[in-house]
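Welcome, and thanks for taking a look at this one. Please open the sequence and the model side by side before reading on.

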Amino acid sequence: MSDTLLIRGGTVVNADRESRADVLCVGGLITAVAPDLEAPVGATVVDAGGQYVMPGGIDPHTHMQLPFMGTVTRDDFYSGTAAALAGGTTTIIDFVIPDPKQPLMDAYRTWRGWAEKAASDHAFHVAITWWDDSVHADMGTLVREEGVNSFKHFMAYKNAIMCDDETLVRSFRRALELGAMPTVHAENGELVFLLQQEVKARGVTGPEGHPLSRPPAVEAEAAQRAIAIADVLNVPIYVVHVSCAESAEAIARARARGQRVFGEVLAGHLLIDDSVYRHPDFAFAAAHVMSPPFREKTHQEALWRGLQAGHLHTTATDHCSFCAEQKAMGRLDFGKIPNGTGGVEERLTVLWDAGVNSGRLTPSEFVAITSANAARLFNLYPRKGLVAPGADADLVVWDPAAHHTISVASQHSRGDFNLFEGRPVVGRPSHTVSQGRVVCALGDLRAERGAGRYLKRPPFGPQFSALGKRAALQAPTPVLR
Ligand code: URP
Ligand code: ZN
Ligand code: ZN
Ligand code: ZN
């Protein structure tokens, strides 16, 4: 098969501009972006007339093959990345989550092994779930030798992977020294634990108890605490799955003070509200149990405004698929329902439909929040997140006029549920290109097991140079007496 691909006649959309141009890809890289390119002999030619050509989506928050809450997610690194490619996402950043006391390098090697079957390019954030000198040392090895430049901290999930404030502080300090981005799942785990007991004591044992045990203030407290710690330590911070107005406001306030705080929003939190938890069918309600929970509808507009205003930067899915049988582990106790929902295949289409078709976002802003910003923050840019010569040929050819109705019946994820079931959407990928190869064409998915590469991400991304200067100018000085 030819390693040359010409995408002809489309409108190229980058985060900074749109232009009419053809895109030539050779050997897995983009080699030319210009009007009226000649097709080299033997090239595969894709007609993109009337369509947009954008950088492939980057989902900076997924959990494939995750062992969690006593079970393992349905999608492994093959099925999950294949579903991603079907939906136009060509890179995922997943999470290595060591058990408390498990050496980081052991967990990292385990996850790298699991990800060998990935069909798309992928990288890892590594969670810091405990602390000792070996964790300090392994963070260094991960950054310097393995290309990990972000560390995750779960402020919830008490008695499991929750990280206390001491660990948070030590890890943030170490991350700064290494030029890596600290990230947080912001929920106060002590409050969640207490509220779960209290809600159950009142006889609420079904999925409707889940949001009651995790109200917005529980999330906002943790977000503010993490932001304040990062401010004191002069570290950048990235808050994953911001779900409520209060957290978005905490980020906006900190940014207005000049702090380098970044926020991620999930497609689900932008579109689904908490009424799902009161559905009479246990399976339906339980299928929506994820943390933080879906919120009252008013929060959705705050999240959209955060994306529009630039206080929130990336969109993700937190793809973490459990089937009805697994969700039934919490039939008698909502606290035992494995937390997680899907969406890796639907993220781009639902965000285009609800974001661009509604006039909330321009196509360039769509590229920023689905690809370019994640590439910049996690230092994959301009290899990823940009349509330009020299970048990886990871592209989505986007048909803005294609109509379809989302359904579990046509999804590629192994999950048995679709968060966006029955939603009519306009705009979807006609072609997905990964490493210069057409991996999905008009619904014909040609994902290849093991074709995805592990991406090493260098430390000291763009936000670090300003932080270093600020720290030097603000260094404490003694009074000379
Ligand atoms: O409910 C969720 N989000 N499950 C995955 C783990 C996490 O908290 O991100
Ligand atoms: Zn989380
Ligand atoms: Zn997650
Ligand atoms: Zn398909």
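The notes below go through the sheets, the ligand shell and some backbone details. Please keep in mind that this is a predicted model. According to the UniProt record, an unreviewed entry, the annotation "domain: Amidohydrolase-related" covers residues 52–436. Over residues 52–436 the chain is 38% helix and 19% strand, and the C-alpha atoms at the two ends are 17 Å apart.

**The parallel sheet**

- An open sheet of 8 strands runs in the order β8-β11-β12-β13-β14-β15-β16-β17, and its pairing is parallel.
- Its edge strands are β8 (57–62) and β17 (314–316), each of which pairs on one side only.
- On average, neighbouring strands of this sheet are turned by 30° against each other, direction ignored.
- Strand β13 (residues 150–154) pairs with β14 in the parallel sense, over 5 bridges.
- On the other pairing, strand β14 (residues 181–185) runs parallel to strand β15 (residues 237–239), with 2 bridges.
- V184 is a handy residue to click on: it is the bridge partner of H153 in β13, and its bridge partner in β15 is V239.

**Inside strand β14**

- Is β14 enclosed or open to the outside? With 5 of its 5 residues buried, the strand is largely enclosed by the rest of the structure.
- In a regular strand, side chains alternate between the two faces of the sheet.
- In β14, M181, T183 and H185 point one way, while P182 and V184 point the other way.
- Residues on both sides of β14 are buried, as all five of those named are.

**Around ligand 1**

- Which residues surround ligand 1? They are H63, H185, M290, S291, D318, C320, N339 and G340.
- By type, this shell divides into 2 nonpolar, 5 polar and 1 charged residue.
- H185 links this topic to the previous one: H185 is among the residues around ligand 1, and in β14 H185 points the same way as M181 and T183.
- S291, also in the shell, leads into P292 through a cis peptide bond with omega near -5°.
- P292 itself lies in the loop between α10 (282–287) and α11 (298–309).

**The mixed sheet and the loop with F417**

- A second open sheet has 7 strands in the order β3-β2-β7-β18-β19-β20-β21, with mixed pairing.
- Here the edges are β3 (18–20) and β21 (444–445), and each pairs on one side only.
- Within this sheet, strand β18 (residues 395–405) and strand β19 (residues 424–434) are antiparallel partners over 8 bridges.
- V396 stands opposite T432 of β19.
- The loop between β18 and β19 holds F417.
- Is F417 buried or exposed? F417 has 21 other C-beta atoms within 10 Å, so it counts as buried, the cut-off being 20 or more.
- Leaving aside neighbours within four places in sequence, F417 is in contact with A287 and V408.
- T341 and F417 are 76 residues apart in sequence, yet their C-alpha atoms are 8.7 Å apart in space.

**A hairpin**

- Strand β4 (residues 22–26) and strand β5 (residues 29–34) run antiparallel and are joined by 5 bridges.
- Together, β4 and β5 form a hairpin with 2 residues between them.
- G27, in the turn, has a positive phi of about 60°.
- D22 stands opposite A34 in β5.

**Backbone details to check**

- Another cis peptide bond runs from Y381 to P382, with omega near 0°.
- P382 is found in the loop between α14 (363–377) and β18.
- M69 is not a glycine, but its phi is positive, at about 50°.
- M69 lies in the loop between β9 (67–68) and β10 (71–72).
- How buried or exposed is M69? With 18 other C-beta atoms within 10 Å, M69 is partly exposed.
- H241 is a residue other than glycine with a positive phi, near 25°.
- The loop that holds H241 lies between β15 and α8 (245–256).
- H241 counts as buried because it has 22 C-beta neighbours inside 10 Å.

Methods
Residues are numbered from 1 along each chain as its sequence is written. Chains are lettered from A and ligands numbered from 1 in the order in which they are written. This is a predicted model: local features need pLDDT of at least 70, side-chain atom pairs count only at pLDDT 80 or more; totals for chains, interfaces and linings use all residues. UniProt positions are given in the numbering used here, feature names are shortened, and annotations may be inferred rather than shown by experiment. Helices (H or I, at least four residues) and strands (E, at least two) are DSSP runs, numbered from the N terminus. Two strands pair if DSSP finds at least two bridges between them. A residue is buried if 20 or more other C-beta atoms lie within 10 Å of its own, exposed if 12 or fewer, and partly exposed in between; C-beta atoms are placed from the backbone. Two residues are in contact if their C-beta atoms, placed from the backbone, lie within 7 Å. Axes are lines fitted to C-alpha atoms, for helices over the stretch in contact, and angles run from 0 to 180 degrees between N-to-C directions. A residue is near a molecule or strand if its C-beta atom, placed from the backbone, lies within 6 Å of it. Ala, Val, Leu, Ile, Met, Phe, Trp, Tyr, Cys and Pro count as nonpolar, Asp, Glu, Lys and Arg as charged, and the others, Gly among them, as polar.
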